[in-house]
Amino acid sequence: MLLGTVTGAAGLALICLGWPALLVPAARPAAGRVVARLAALERRRLARWYGHESAGEGGLAFVAARALVGTFAGYACFNALFLAVLLLLGGLWDLVRGGSEPVPVTLPGVRVVTSSGALGLTAGLAALTLTALLTLAAAALDRAVAARFLGPDRQERLRRRVVELTASRTGIVRAVDDERRRIERDLHDGVQQRGVALAMLLGRARHQIASDGAASGEAGRARAAELIDQAYTESRRLLDELRGVAWRIYPTALDELGLRAALDGAAERAGVPVTVHYGLAGRPVAEVETALYFVAREAITNAVKHAAARDILVVLSEDERTVSVAISDDGRGGADPAGGGLSGLARRVRALDGELSVHSPPGGPTKVTATLPKAPACG
């Protein structure tokens, strides 16, 4: 508390006396260095006495807030402490030397006569309790100012991280369940229907051959050949459907050829013009590369299927710490970030400490952006 009062008074003096220097361009660098040193001293004090270790640097606003809190809280606490000591010593002195005088205390319905020494000790204890409460309040206010201007401390960051990881784990489980449902739907609505059609065609061809036999003639053989041709065509469609389902689950090109080739494949399958601008110097790590691919593919699919887009642009970029993919289309917009596909992508991206943003006003255009760290925290 004493050190906080001293640094608060120093900050208040700096603000009151040094603010003209901030108006002079030539003096601003020197004033900024003084503010930075005082802020560093405050951070060390907070870390030493309160355990508040933060990554924030502070600044003039932090020093000003700390100056007010430190000065006025210290003034209140030291005055309360001085009053408590004065009353306790005075009351004790009266009791020791035996010079206490009777003091009547009248309350509603009660009249008590006590000594001045006992009254002084009682008032001193009350003032001491008030001093302790003021000290606790000042410490809490100190922590609040530090959290506001310097960011949360290590314990708070750890708590938030635990909450985030718990939510991310739940989101991953939900995303896996959603993906299983989608695969089941694709198999039921696509592959299974093709298989049923193929089985029916083969059954009709066998029945045609078995019923006509050797006396079928040219017409029977022609009908059987036609059914077999239809069955062959349906089997090709079934194989294409199987390949499409396998590609939607996970494209082998992503592992074998990389993200650029996988996105080129997604662009070819889109059915509308898709332009891919690949601005990455190298291949991202596997989990980041997979997330980037699925974000781009889902955004392309949504743009074609739901927004009637006629032109789609995919841009991949990076900086020193992050890699991003942005998918823009000229569709009718109105994409819902809480929808099944986009919410699943958001959970996948958050699991890698990334962020997914969706800007899709009614009428369009739509832009989906995912930003992920190059090296995930749990990687």
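**Pairings, burial and salt bridges**

Tutor: In this predicted model, strands β4 and β5 are antiparallel partners, joined by seven bridges.

Student: What makes β4 and β5 a pair of strands?

Tutor: A pair requires at least two bridges. Seven bridges join β4 to β5, so the requirement is met. Within this pairing, Leu316 stands opposite Val325 in β5. The two strands form a hairpin, with three residues between them.

Student: Which way do β5 and β7 run, and how many bridges join them?

Tutor: They run antiparallel, and eight bridges join them. Ser324 stands opposite Thr371 in β7.

Student: Why is strand β5 described as largely enclosed?

Tutor: A residue is buried when its relative accessible area is under 20%. Of the eight residues of β5 (residues 322-329), six are buried, so the strand is largely enclosed by the rest of the structure.

Student: What makes Asp142 and Arg66 a salt bridge?

Tutor: The cut-off is a side-chain nitrogen of Lys or Arg within 4 Å of a carboxyl oxygen of Asp or Glu. For Asp142 and Arg66 the N to O distance is 2.7 Å, so the pair qualifies. Asp142 lies in helix α4 (residues 116-150) and Arg66 in helix α3 (residues 60-97), so the salt bridge ties together parts that are 76 residues apart in sequence. Both Asp142 and Arg66 are buried.

Student: How many salt bridges does the structure hold?

Tutor: It holds three. Another of them joins Glu289 to Arg283, with the closest N and O atoms 2.7 Å apart.

Student: Why is Glu289 called buried or exposed?

Tutor: Its relative accessible area is 3%, and under 20% counts as buried, so Glu289 is called buried.

Student: How do you know which class Arg283 belongs to?

Tutor: Partly exposed residues lie between the limits of 20% and 50%. Arg283 has 47% relative accessibility, so it counts as partly exposed.

Student: What makes Lys374 and Glu318 a salt bridge?

Tutor: Their closest N and O atoms are 3.1 Å apart, and the limit is 4 Å, so they count as a salt bridge. The pair links distant parts of the chain, 56 residues apart: Lys374 is in the segment after β7 (366-373), and Glu318 is in strand β4 (residues 312-318). Lys374 has a relative accessible area of 32% and is partly exposed. Glu318, at 31%, is also partly exposed.

Student: Why is Glu298 said to have no salt bridge?

Tutor: The nearest side chain of opposite charge, Arg297, is 4.6 Å away. A salt bridge must be within 4 Å, so this pair does not qualify. Glu298 is nevertheless buried, and it is found in helix α9 (residues 286-305). Leaving aside neighbours within four places in sequence, Glu298 is in contact with Gly341 and Leu345.

Student: How do you know what span to expect for α4?

Tutor: The expected span is 1.5 Å times one less than the number of residues. With 35 residues, α4 is expected to span 51 Å, and its first and last C-alpha atoms are 49 Å apart, close to that value. The buried residues of α4 include Gly117, Ala127 and Asp142. They pack against α2 (28-49), α3 and β2 (110-115). Just after α4, Gly151 takes a positive phi of about 95 degrees.

Student: Where does UniProt place the feature "transmembrane region"?

Tutor: The unreviewed entry places it at residues 6-27, 72-93 and 113-141. In the model, residues 72-93 are 100% helix, and residues 113-141 are 90% helix and 10% strand.

Definitions and conventions. Residues are numbered from 1 along each chain as its sequence is written. This is a predicted model: local features need pLDDT of at least 70, side-chain atom pairs count only at pLDDT 80 or more; totals for chains, interfaces and linings use all residues. Side-chain values use heavy atoms; hydrogens and water are left out. Helices (H or I, at least four residues) and strands (E, at least two) are DSSP runs, numbered from the N terminus. Buried means under 20% relative accessible area, exposed over 50%, partly exposed in between (1.4 Å probe, protein chains only). Lys and Arg count as positive and Asp and Glu as negative; His and the chain ends are not counted. Contact means heavy atoms within 4.5 Å. UniProt positions are given in the numbering used here, feature names are shortened, and annotations may be inferred rather than shown by experiment.
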